[in-house]
Amino acid sequence: MPDTFFVQNFGCRATQADGAAIERQLLARGLSSTERREDAQVVVLNTCTVTAEADKDARAAIRRVHRENPGTKILVTGCYAQRAPEEIAELPGVTWVVGNSHKAQISGVVAPLSREFVSIDQLAGAPNPAITRPPNSAIFLSDIFAHTELLAAPVFEASTHSEKTRPNLKVQDGCNNRCSFCIIPFTRGQSRSLQLDEAIREVNELVDGGYKEVVISGINLGRWGREFAKQDRFENLVRAILERTTLEKLRISSVEPMDWSDELIELVASSPRIAKHAHVPLQSGSDTILRRMHRKYRPWHYEERIRKIRAAMPHAAIGADVMVGFPGETEQLFEESRAFMESLPFTYLHVFTYSARPGTPAAEMPGQVPVQVARERNRVLRELAAEKNLAFRESFVGKRIEAITLHRSDGSQTEALTDNFLRLRLKGKHEPNQWVHSAISSVNENYLVGTLEAPVP
């Protein structure tokens, strides 16, 4: 049995949360985590497949690990492993390919206990397992839609124990939507949620560990609890965290526009213990493109939600995921989308260029946009986002703002994150994981600049 391991995560917060859960599994089996990948006897690559570039990054990492240490056993898991296991298994150095369907059993693959050795066939478990045995590696894979487990372990902002801040806790996985461009439902399966009592237990453990802010996240976070027998709602989870924990600050990750109910908006706006931050995926401001994407809202629905959020929280961060270059996006439709985004009170945008994913309806649609055209549209939206973010930051010069200190500094400045999701450079050296008040003196290209006034009481 190997003694040491290293987990490398690619992609979204949910993938990082899965990686933390895998680490928890392996540590419980008696293995030790190493800080350097080249020192590990087993390297776990926890992959993403949301774009072709993500697949390329994973393949490059596999080759690099094998080149660094040909004796290292490589286990590839995550969304790419679920989507294209045979493709990965053929790469030199890969010992195991474990789909998301079997992610919860990775410790049994890597470190089977001598008295309870787990074979490939025993691990299959789920109905109609599709298991193959390539010459040099084993594949563990089955129907992801039969998968009901949810891996949950907090992910931390920093890698060293003394600097860990802002743990991220995944409370929901999978997605029941079928956006025409997205492969994720087919790699993560149906929507499933962490039970309420389990979520509260995880948050309380983090509070007991001294953490001042917790971020809750998911693949489709606003659908938390909908599959329970009583069809619980996301607002009830948020309220329970406030009532049953002493957490100082809860931050809510991405929530789809139609899940920002009036009740949720009022709850976030009224509680000083919830960060004033709304991330609301948009994808496109063009009604035509939203329909082709199979998104469930129209631009006017989205605008109504955003304006309600802004009215309730005048100083909140409001951000969105947006996509350029979707099939059929003409210059006119792109301009329609750009103008829509310009009209709304966004404080930041995450801009992505469309990438065709095999097996999705959009990959077969006519009107594929040339790469260079899509890249130029990406640039235009990033410039728009930068302008909006700068204007938002400048509005706080001369004001007092609340922030949590992050990593240790070099002595002259300390990085922090404000309640409303702005990066801040505090003058001087300050301990991480502390809520403080700062007087904002200026802005630079990416940050607010301020001085410490006092810790938050």
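Contacts across the sequence come first here: in the protein chain, 69% of the contacts with a separation of 6 or more are between residues 24 or more positions apart. Keep in mind that this is a predicted model.

The chain's secondary structure adds up to 14 helices and 18 strands. With a radius of gyration of 23 Å, close to the 23 Å from the globule rule for 457 residues, the chain is as compact as a globular protein of that length. Put a box around the C-alpha atoms along the principal axes and you get roughly 65 × 55 × 50 Å.

As for inside versus outside, 56% of the 457 residues are buried. The accessible surface is about 19,500 Å², and carbon and sulfur atoms own 50% of that. On the charge side, there are 57 positive and 57 negative charges, and their mean positions sit 1 Å apart.

Now for the strands toward the end of the numbering. Strand β18 (residues 448-455) pairs with β16 (residues 423-427) and also with β17 (residues 435-443). Here is how those pairings look:

| Pair | Direction | Bridges | One bridge |
|---|---|---|---|
| β16 and β18 | parallel | three bridges | Leu 426 with Gly 450 |
| β17 and β18 | antiparallel | seven bridges | Ile 440 with Gly 450 |

Which residue of β18 is the bridge partner of Leu 426? That's Gly 450, and Gly 450 is also the partner of Ile 440. Getting from β17 to β18 takes a hairpin of four residues.

Notes: Residues numbered from 1 in each chain as written. Predicted model: local features only at pLDDT ≥ 70, side-chain atom pairs only at ≥ 80, totals over all residues. Heavy atoms only, no water. Helix = DSSP H or I, 4+ residues; strand = E, 2+ residues; numbered from the N terminus. Rg over C-alpha atoms; globule rule 2.2 N^0.38 Å. Buried < 20%, exposed > 50% of the residue type's maximum accessible area, 1.4 Å probe, protein only. Contact = heavy atoms within 4.5 Å. Areas by Shrake-Rupley, 256 points an atom, 1.4 Å probe, with all protein chains shown as cover. Lys, Arg positive; Asp, Glu negative; His and termini not counted. Charge placed at Lys NZ, Arg CZ, Asp CG, Glu CD. Pairing = 2+ DSSP bridges.
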